[in-house]
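Me: I'd like a close look at one part of this model, with the terms spelled out for a beginner. Please start with the overall picture and then zoom in.

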Amino acid sequence: SGRIVVFDYDEGTGAVGAPRVLVDPDAAAFAYYPSFSPDGAWVLYNQATSGTSYDNANAQLWVTKADGSRARTAG
């Protein structure tokens, strides 16, 4: 399966934090092509349970809060 992780970044020091899992789909699913909303509050991504990531007719759009505080939902 594919999951989406984010890294915290400190501009002052240039330090990159440990990866934080934002989306961890079921073992049979793949999450890919994440995109942050312009305000950085949401992450939109594709998810599918079969096929490849490119041009997948089985993929659905999903959205989750960028801070991980809200469960993902299908769109």
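How much area does the protein chain expose, and what share of it do carbon and sulfur atoms supply? After that, which side chains meet in the salt bridge?

Reply: Happy to help! This is a predicted model, where local features need pLDDT of at least 70 and side-chain atom pairs pLDDT 80 or more, while totals for chains, interfaces and linings use all residues. Residues are numbered from 1 along each chain as its sequence is written, and side-chain values use heavy atoms, without hydrogens and water.

The protein chain exposes about 5,100 Å² (Shrake-Rupley method, 1.4 Å probe), and carbon and sulfur atoms supply 52% of that area. Of its 75 residues, 25% are buried (under 20% relative accessible area; over 50% is exposed, and in between is partly exposed). The C-alpha trace spans about 45 × 20 × 20 Å along its principal axes. The chain has six strands and zero helices (DSSP runs: E of at least two residues for strands, H or I of at least four for helices).

Now for the close look. The structure holds one salt bridge, meaning a side-chain nitrogen of Lys or Arg within 4 Å of a carboxyl oxygen of Asp or Glu. The side chains of Asp 8 and Arg 20 form this salt bridge, at 3.4 Å from N to O. Asp 8 belongs to strand 1 (residues 4-10) and Arg 20 to strand 2 (residues 15-23), so the pair ties together parts twelve residues apart in sequence. Asp 8 is partly exposed, at 46% relative accessible area. Arg 20 is also partly exposed, with 31% relative accessibility.

Conventions: Buried means under 20% relative accessible area, exposed over 50%, partly exposed in between (1.4 Å probe, protein chains only).
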